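Here are some exercises to work through with the sequence and the model side by side. Try each task before reading its solution.

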Amino acid sequence: MERQNWSIRWDGIQICERINLRSPGVAGICASPERVTGAVAHFGSQFLWQVWHPYQSTSNKVVISYFHGKPEDGPEMARHVDCFLKHLDRIDRVIVANRSVHERLLSWGVPAQQLALIPIGVDTTRFRLPTDAERMEARRRFGVPDGMVAIGSFQKDGVGWGDGMEPKLIKGPDLFVETVERLNRDFPVFVVLTGPARGYVKQGLDSRGIPYSHHYLENYFDVPHAYHALDLYLMTSREEGGPKSLLECAASGVPVVSSRVGMAPDVIDDGVTGCLTDVGDIDATHAAAASLLSDVAKRVQLKAVARDRVAAYDWSVVGDAHFSEVYEPLLRDMGLRA
């Protein structure tokens, strides 16, 4: 797992917790994979695997999660993809989280039997609909003034782990700021940001006079409270593996307008559990967001259906899928399980 307290690490913790409920002591988190021998070693991303694969024990079975990335995303990503494809024979299973990336890897020649399509999960007990009192407390905590429309963006969209002034454009921070600017002309908008490296977005909001608050929530269990403060969530990425925010919104009763990337087309039934727009189509994103903000009845209906359907993505389901579809067969191959 990555050492940073961020998304991939949180996913690993959730998967391990679910598997250990089923088979105590079987799974654990490790940030020093060179010490792992005679085990199933699951790397949380292809980027982590690229760093550590030269030091891996040949006694391990190797699993990697391939969330996103294609050569067109830039020279650095092209090198990652090239390394991944050159060393496929050193990888036993590749887990992808959505149909789009699954089809992409098949088109690159990754054998179907090497792939497992397992979505990212969400803890539907922690991420849940708020009471009126919890919503009021959340809006106070995250600084949302009375009468304002709170729009959320909970991600990392700057390069590196510093201030994030250089935008990570595949995450669409420029598209987010421009969409919010348009909404701000007709609604009293307040933006709630979480996550690291948000400098580019904050600078964009400052320059347009759009009020916001930013909280880097290092304790993941604080994140559900942030969703309770929101009226709408915008996901404007150009490329994604998830993101898990789509599931967290559905579980928390927050309407979403999302670009058609990553898990969005798999998770969102357009107009029923959220709204989908084409990548980079700011006009459509603005129109969908404005429509939802203007229609209370639609938001209520959409939230109810989304909350009902997100149960299929609870970690209790997704964790079991990791074990039964990937880990358990590999453990059998190694003679470590009957």
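Before starting, one definition: the bend at a residue is the angle between axes fitted to the seven residues ending there and the seven starting there. Helices (H or I, at least four residues) and strands (E, at least two) are DSSP runs, numbered from the N terminus. The model is predicted: local features need pLDDT of at least 70, side-chain atom pairs count only at pLDDT 80 or more, and totals for chains, interfaces and linings use all residues. Residues are numbered from 1 along each chain as its sequence is written, and side-chain values use heavy atoms, with hydrogens and water left out.

**Exercise 1. Take stock of the whole protein.**

Begin with the elements: there are 13 helices and 10 strands. Next, check the radius of gyration, taken over C-alpha atoms, against the globule rule, 2.2 Å times the number of residues to the power 0.38. The protein has a radius of gyration of 20 Å, close to the 20 Å from the rule for 338 residues, so it is as compact as a globular protein of that length. Its C-alpha atoms fill a box of roughly 60 × 40 × 30 Å along the principal axes. Finally, 54% of the 338 residues are buried (under 20% relative accessible area; exposed is over 50%, partly exposed in between, with a 1.4 Å probe and protein chains only).

**Exercise 2. Work out the strand order of the two sheets.**

Strands pair if DSSP finds at least two bridges between them. Start with the open sheet of four strands: its order is β1-β2-β3-β4, with parallel pairing. β1 (40-43) and β4 (115-117) are at the edges with a single partner strand each, so one side of each lacks a neighbour in the sheet. Inside this sheet, three bridges link β2 (residues 61-65) to β3 (residues 93-96), and I64 has V94 as its bridge partner in β3.

Now take the open sheet of six strands, whose order is β7-β6-β5-β8-β9-β10, again parallel in its pairing. Its edge strands, β7 (212-215) and β10 (275-277), each pair on one side only. Three bridges connect β8 (residues 232-235) with β9 (residues 256-259), and L234 finds its bridge partner in V257 of β9.

**Exercise 3. Follow helix α13 from its span to its surroundings.**

First, the span: α13 (residues 315-333) has 19 residues and reaches 26 Å from first to last C-alpha, close to the expected 27 Å (1.5 Å times one less than its number of residues). Second, the bend: α13 turns by about 40° at Y327, and the proline P329 follows within four residues. Third, the packing: its buried residues include W315, H322, F323, Y327 and E328, and their cover includes α1 (7-22), β1, β2, β3 and β4. Last, G335 follows the helix with a positive phi, near 75°.

**Exercise 4. Is S45 buried or exposed, and what is it in contact with?**

Locate S45 in the loop between β1 and α2 (46-52). Its relative accessible area is 3%, so S45 is buried. Beyond neighbours within four places in sequence, S45 is in contact with I8 and S65 (contact means heavy atoms within 4.5 Å).

**Exercise 5. Which residues of α7 are buried, and what do they pack against?**

In α7 (residues 199-207), the buried residues are G199, V201, G204 and L205. They pack against α6 (173-183), β6 (189-194) and β7. After α7 comes G209, with a positive phi near 70°.
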